[in-house]
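Colleague: Could you walk me through this model? I am new to reading structures, so please spell out the terms as they come up.

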Amino acid sequence: MNDNVLGVMGAGTMGSGIAIVGLLAGFETWLLETDQEHLDSGVQRIRQFLDGSVRRGKISSEQKDSLLAKLHPTADARELHECGYLIEAIFEDVDMKRSLFRDMNAILHPDALFLTNTSTLSVTSIACGTGREDRVVGMHFCNPAAIMKLVEISQGVKTSNKSVQKAKQLAIRCHKTFVLTHDTPGFILNYLLIPFENDCIRALEEGLATVEDIDTAIKTGLGYPMGTFELLDTVGLDVHHAVSMRLYEQLHDPRYAPPPLVQRMIDANLLGRKTGQGFYTYGKAGVFGG
Ligand SMILES: NC(=O)c1ccc[n+]([C@@H]2O[C@H](COP(=O)([O-])OP(=O)(O)OC[C@H]3O[C@@H](n4cnc5c(N)ncnc54)[C@H](O)[C@@H]3O)[C@@H](O)[C@H]2O)c1
């Protein structure tokens, strides 16, 4: 086992960002995907980010090349056998995450630390049955992972204190600010954010104010960097719906239930930036706010 080797599983939005974090922190970084096509698009995202860093003068072109030389994309899980840390960023599905960790438990050294980037699932549930219950920790990165400073570290019921200490050291090594949370639905961020976002949507449904005026109030009055509707358009209405539902199912608190407008917008393909239209129409006037 080598503590300078990091494994990232899943090369989607979060996994490719986390791989960049690992590279910039000096890790030899393995990137695992299900197939070559997903690997290629993950590597492409990483290249694009590093090209942008060169253009902005943050790193030289030689540094970019040496970072990319430390990236090892693969579709063969056995190649990750040396990793000291393994971070999963695959689909938000407890059975898939648990089964992947169970498989990786047989491949990696017993002292390797397993981390899950889950947003809404229980770290304890993911860890149970993997054979490594005490060495599984929640490490929730914010999107975009390569840029946002915060990670939430959460301790499952069976996670050892030693594993949490190792996760803290990893966060520091990755130049992240960490907060510690219990293994509760949504940890800190989504526990607070989702009801607030749903309240903003309900305020819009009730005709309290326009999209633009609610966002202006939030940015100018509360000092938030983005308005709620700008944020929802960036995250995607489909993702917001899924996260809200998962928290609602666990917490049984109606504040987490997505308001009806969310499903109507999904049906109309108004998902936000990714479909060119959400609460705002990109490049044109707003959908609801005019
Ligand atoms: N997107 C966000 O804003 C965000 C923020 C924080 C946390 N998260 C969490 O991060 C995780 C990933 O989210 P995402 O948005 O990056 O998803 P995504 O759909 O963009 O990427 C998931 C990737 O995992 C791959 N994958 C699936 N099964 C795999 C396996 N067995 N082995 C290797 N790769 C596999 C898929 O091919 C896909 O490319 C989820 O748990 C999500 O809740 C997402």
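**Starting with one residue**

Colleague: What does T177 count as, at 44% relative accessibility?

Modeller: T177 counts as partly exposed at 44% relative accessibility, where buried means under 20% relative accessible area, exposed means over 50%, and partly exposed is in between, computed with a 1.4 Å probe on protein chains only. Please keep in mind that this is a predicted model, where local features need pLDDT of at least 70 and side-chain atom pairs count only at pLDDT 80 or more, while totals for chains, interfaces and linings use all residues. Residues are numbered from 1 along each chain as its sequence is written, and side-chain values use heavy atoms, with hydrogens and water left out.

Colleague: Where does T177 lie, and what is it in contact with?

Modeller: T177 lies in strand β8, which covers residues 177–182; helices (H or I, at least four residues) and strands (E, at least two) are DSSP runs, numbered from the N terminus. If we leave aside neighbours within four places in sequence, T177 is in contact (heavy atoms within 4.5 Å) with K149, L150 and V151. Its C-alpha atom is separated by 14 Å from that of I18, although the two residues are 159 residues apart along the chain.

Colleague: And which residues have a positive phi?

Modeller: H175 is one of them, with phi near 60° in a residue other than glycine, and H175 sits in the loop between α6 (161–173) and β8. N269 also has a positive phi, near 60°, without being a glycine; N269 is found in the segment after α11 (260–267) and is partly exposed at 44% relative accessibility.

Colleague: What about the peptide bond from N143 to P144?

Modeller: That peptide bond is cis, with omega near -5°. P144 belongs to the loop that runs between β6 (136–141) and β7 (150–155).

Colleague: New topic: how many disulfides does the search find?

Modeller: The search of the whole structure finds zero disulfides, a disulfide being a pair of cysteine sulfur atoms within 2.5 Å.

Colleague: Why is there no bond for C174?

Modeller: The closest cysteine sulfur to that of C174 belongs to C83 and is 13 Å away, so it is too far for a bond. C200 is in no disulfide either, since the nearest cysteine sulfur, that of C142, is 19 Å away. Both cysteines are buried, C174 at 9% relative accessibility and C200 with a relative accessible area of 6%.

Colleague: Let's turn to helix α7. Is N198 buried or exposed there?

Modeller: N198, which lies in helix α7, is buried with a relative accessible area of 0%. Not counting residues up to four places away in sequence, N198 touches H240, S244, R255, Y256, A257, P258 and P259. L193 is placed in this helix too, which spans residues 189–205, but L193 counts as partly exposed at 29% relative accessibility. The C-alpha atoms of L193 and M265, which are 72 residues apart along the chain, are separated by 20 Å.

Colleague: You mentioned H240; how do helix α9 and helix α10 cross?

Modeller: The axes of α9 (residues 228–235) and α10 (residues 237–251) come within 6 Å and cross at roughly 95°. Axes here are lines fitted to C-alpha atoms, for helices over the stretch in contact, and angles run from 0 to 180 degrees between N-to-C directions. On the α9 side the contact is made by L232, D233 and V235, while α10 brings L237, V239 and H240.
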